[in-house]
Amino acid sequence: MSDPVVDLLHFIDRSPTPYHAVAESVDRLRAADFRAIGEGEVWDLAPGDRRYLVRHEGSLVAFQVGETSPAEGGFRIIGAHTDSPNLRVKPRPDVDGNGYRQLGVEPYGGALLHSWLDRDLSLAGRVTLRGASEPRSVLIDFARPILRIPNLAIHLQRELNKEGLKLNAQQHMAPIIGLEGSPDLRELLVSELRAQNQVEIDSGDVLAFDLMTYDVQPSVVSGVRGEFIHAPRIDNLASCHAGLNALIGASSASLSQHTRVVVLYDHEEVGSRSANGAASPLLAEVLERCVCGFKSGEPQGIERALSRSTLISADMAHAVHPNYSDLHEPEHRPVVGRGPVIKSNANQSYASDAQTAGLFAGLCDRLGIEPQHFVSRSDLGCGSTIGPITAARTGIRTVDVGNPMLSMHSCREMAGTADVEPMIAVLHSFLVGQARL
Ligand SMILES: [Zn+2]
């Protein structure tokens, strides 16, 4: 593998949307001899088989079958999410006024709205086109700055720095795409798709789209000694990248008893309730089909498999912010660059418990890595992850972990270069391990 930090920056820059993240993941899996398995096929699996499936373009499950039946060997699963907060284009987006052409957008997830101001923004996503027999979906990425949401000059809001910026999502977030009379978005989509030589179409062929904004500035290593990564979508493409690298690396190691699985979900940032989010049947169905596909008629196969399974939910963790350290629990202040964080919450916003946190700490211990711990202040709310949702959906014991970061949910986030490799190493050792957990 190339330098994992450089590789992560590429992965992020090639993944402006969940659909592109899945497509990039598929490319990497195919290069490692993973093959697509159709949801409409009857599955017939043998030890060592490497397979992946994509659901609704934004979610992906990849697995390598173990030496024994999953009913005997169980599953070791890494979960993460492909989506990040951003601004999504409304179905009828074109608005003219005051000499400008603007786009109507809707915030997706808990975006830090102000972080989208004065950025060089582009658009990417997918377009559904009229097809010969049925509609077809194509990915699109304008890959150049075409949008900007300008800040209001200080002269027109003199008290801003004292009073703070108040943004109304409807009124203040519409990006400028050109001057009045610019082509409609549908026309732009058509000319862009034509220019990318994908298709011969006209604007009547655009049936629908899922388009979102992103910052075109490339991801970089920063800090006086290269300590940091500045990039968009670190939450949670960094964990997708770590899980994929762990699985691809493990797939060339000798087989384990258990079946190795990575699941990357869309829609975590909006609560996971969707046809391919963590609250969907996606993972449970894949696991059940792995059991039946290995050996049909296995008595109580899925229940036996689940009882022997473990899931690591990998999602980024809050590092202590030096300018707001009082907002962090005094004894639980993860620092960027000091390694993986185990996340705990007594009220099950994180799924970790003594057994699963101990399991992860044990994996770290064997690699000489000391995990950090995160608990939110008792008087502050707590975020959540796919961990408790998949745990509730499948009954699989689960631990919530992640690398420390700052600027979570900003258009441009910040994490540590020294944390990239240890997380991959711990996840890899989880997947290749032979010992019963
Ligand atoms: Zn996240």
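Are Y350 and F374 buried or exposed? In the predicted model, both Y350 and F374 are buried. These residues belong to the aromatic contacts described below, after the metal site and the nonpolar cores.

The zinc ion is bound by protein donors from H81 (NE2), D235 (OD) and D315, the last of which contributes two entries (OD and OD), at 2.0 to 2.7 Å from the metal. Along the chain, the donors follow the spacing H-x153-D-x79-D. H81 is located in strand β4 (residues 75–81), whereas D315 falls in the loop between β14 (310–314) and β15 (317–318); the pair therefore ties together parts that are 234 residues apart in sequence. The 4 donor atoms subtend angles of 51 to 137° around the zinc ion, and the arrangement is therefore irregular. For a tetrahedral assignment, all angles would have to lie between 85 and 135 degrees. H81 is buried, its relative accessible area being 1%, and D315 is likewise buried, at 5% relative accessibility.

The largest nonpolar core comprises 51 residues, of which L29, I229, I234, I312, F360 and V401 touch the most other members. Helix α6 (residues 234–251) gives the most to this core, with 9 residues. Another core, of 30 residues, lies apart from it and includes L103, V105, V138 and L189. Within the contacts of V401, when residues up to four places away in sequence are not counted, are I312, S313, A314, V341, I342, K343, F360 and M423, together with D315. V401 thereby touches a residue, D315, that is also a donor of the zinc ion.

A search of the whole structure finds 2 aromatic pairs. In the pair formed by W43 and F63, the ring centres are 5.9 Å apart and the planes stand at 25°, so the pair is stacked. This pair links distant parts of the chain, with W43 in the loop between β1 (35–36) and β2 (50–55) and F63 in strand β3 (residues 59–64), 20 residues apart. W43 is buried, with a relative accessible area of 7%, and F63 is buried at 1%. The pair of Y350 and F374 is edge-to-face, with 6.5 Å from centre to centre and 75° between the planes. Here too distant parts of the chain are linked: Y350 is in the loop between β16 (341–343) and α9 (354–366), and F374 in strand β17 (residues 372–374), 24 residues apart.

A further contact involves a charged side chain and a ring: R88 lies over the face of Y108, at 3.5 Å from the ring centre.

Methods:
Residues are numbered from 1 along each chain as its sequence is written. This is a predicted model: local features need pLDDT of at least 70, side-chain atom pairs count only at pLDDT 80 or more; totals for chains, interfaces and linings use all residues. Side-chain values use heavy atoms; hydrogens and water are left out. Donors are N, O and S atoms within 2.8 Å of the metal (3.2 Å for Na, K and Ca); water is not among the atoms, so sites may look incomplete. Four donors count as tetrahedral if all angles lie between 85 and 135 degrees; four count as square planar and six as octahedral if opposite donors are over 155 degrees apart and all others between 65 and 115; anything else is irregular. Helices (H or I, at least four residues) and strands (E, at least two) are DSSP runs, numbered from the N terminus. Buried means under 20% relative accessible area, exposed over 50%, partly exposed in between (1.4 Å probe, protein chains only). A nonpolar core is a set of buried Ala, Val, Leu, Ile, Met, Phe, Trp, Tyr and Cys residues joined through side-chain atoms within 4.5 Å. Contact means heavy atoms within 4.5 Å. Rings of Phe, Tyr and Trp (its six-membered ring) pair if their centres lie within 6.5 Å; planes under 30 degrees apart count as stacked, over 60 as edge-to-face and the rest as tilted. A charge sits over a ring if NZ of Lys or CZ of Arg is within 6 Å of the ring centre and within 35 degrees of the ring normal.
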